[in-house]
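Let's take a walk through a protein model together. Have the structure open as you read, and follow along from one stop to the next.

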Amino acid sequence: MTASYLHSIIDGMQEGDFLFYDGQILRSNKLLISPNNRSYRYGDGCFETMRLINGKIQLANYHFERLLSSLEALHFKKSGYFTASWLERQILELAEKNGHLKSARIRLTVTRGEGGVYDEQNQFPYLLIQSWPLSSTTLVLNENGLVVDVYKDARKVMDRFSSIKSNSYLPYVMGALWAKEQQLNDAIVLNPFNRVADATIANIFMVKDGIIKTPSLAEGPVNGVMRRHLLQVLHKEHMPVEETELTLDELFEASEIFLTNAIHGIRWVKQLGENNYTNMLVQQLHKLLVKSYQ
């Protein structure tokens, strides 16, 4: 299988006719971004990618909690109305305008506006919301396992901002380009100690001897919403799970590997480099995950 699922949710999808920007719903082909925009210049900002089903944002509380805590960490000064309930209203209004209420991928992008690094800044968050139609089969467990490998030309930093979905996304962007060039479905990104951080658009889990493991947030991964939800489900089911350090050798020795994100839920990995994996426990976890939405 050469078609990459990380591109399948981007390539070939038609963005809605409208988007939300800075308090207004505009035609999506009319928005002009200033060359002085700090996100364009420096990657100054953050984003959220959400799944909307039947007019309901999946795991909305986790998404909005992460977004608002990210804004605080990035020293934005939001107005009093900039709340989870206000954000949800804007998302649903846009999705309805675009005809995407049944099933959609939603992206919220926050930037700081215009200026140089040391210029006096307006710290108010500028908000862009976009929506795309999404297949109802997206949360179905992938029949064909993913084929992935390790991207070694970049490292994910380990600092206060590592867990944020930052607009400064270069290691992941280059990893995704490399994966596409290599006809892979995704690429694993390492931290500065050559341990596993995550994949280009997903968190990573492994199974060995019945124990499920994932890199701890101290290891540099994004604090994924689906990662957080799955960990909660696993603890509730009293399944053995560890947030820890993961080496490549441990991944190679695993019996199962799977990736998680808010759009696809769980995707099992069939091959990492020359190593092959099964999906027995992944099938069980996928059923638990689907049940948790009901």
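How do β14 and strand β15 (residues 275-276) pair, and over how many bridges? Their pairing is antiparallel, with two bridges between them. If you want to find a spot where the two meet, look for Leu272, whose bridge partner in β15 is Asn275. The connection here is a hairpin, with two residues between β14 and β15. One residue to pick out in that turn is Gly273, which has a positive phi of about 60°.

Before going further, a word on what you're looking at: this is a predicted model. The mean pLDDT of the protein is 92, and 94% of its residues reach 70 or more. The stretch to watch is residues 1-13, where the pLDDT is below 50. That stretch still has 37 contacts in the model beyond near neighbours in sequence. Where pLDDT is low, though, the predicted coordinates should not be read in detail.

Back to β14, then, and its other partners. Coming into it along the chain is strand β13 (residues 256-261), which pairs with β14 in the antiparallel sense over five bridges. These two also form a hairpin, this time with three residues between them. You can spot the pairing at Thr260, which stands opposite Ile266 in β14. Strand β7 (residues 146-155) is another partner; it runs parallel to β14, and three bridges join the two. Here Leu146 is the one to look for, standing opposite Val269.

So how enclosed is β14? Six of its eight residues are buried, so the strand is largely enclosed by the rest of the structure.

β14 also leads us to a hollow spot. The structure holds one cavity of 30 Å³ or more, and the space in the largest cavity comes to about 30 Å³. Its lining is made up of Leu139, His264, Gly265, Ile266, His286, Leu289, Val290 and Tyr293. Two elements give two or more residues each to that lining: β14 (265-272) and α8 (280-293). The top contributor is α8, with four residues. Sorted by class, the lining has five nonpolar residues, three polar ones and no charged ones. Ile266 is worth a second look, since we met it already: this lining residue is the one that Thr260 stands opposite.

Now move to another part of the chain, where six strands form an open sheet. Their order is β2-β1-β6-β5-β3-β4, and the pairing is antiparallel. Which strands stand at the edges? They are β2 (24-27) and β4 (56-57); each has a single partner strand, so one side of each is left without a neighbour in the sheet. Further in, strand β3 (residues 45-53) and strand β5 (residues 103-111) pair over nine bridges. One pair to look for there is Phe47 and its bridge partner in β5, Thr109. As you trace a strand, keep in mind that in a regular strand the side chains alternate between the two faces of the sheet.

Our last stop is Ser70, in helix α3 (residues 60-73). Is Ser70 buried or exposed? Its relative accessibility is 5%, so it counts as buried. Leaving aside residues up to four places away in sequence, Ser70 touches Cys46 and Ile164.

Notes: Residues numbered from 1 in each chain as written. Predicted model: local features only at pLDDT ≥ 70, side-chain atom pairs only at ≥ 80, totals over all residues. Heavy atoms only, no water. 1 Å grid on protein atoms, 1.4 Å probe; cavity = no way out; pocket = protein on both sides within 12 Å on 5 of 7 lines; lining within 4 Å. Points joined across faces, edges and corners; volume = space filled by probe spheres on them. Nonpolar A, V, L, I, M, F, W, Y, C, P; charged D, E, K, R; others polar. Buried < 20%, exposed > 50% of the residue type's maximum accessible area, 1.4 Å probe, protein only. Contact = heavy atoms within 4.5 Å. pLDDT = per-residue confidence, 0-100. Pairing = 2+ DSSP bridges.
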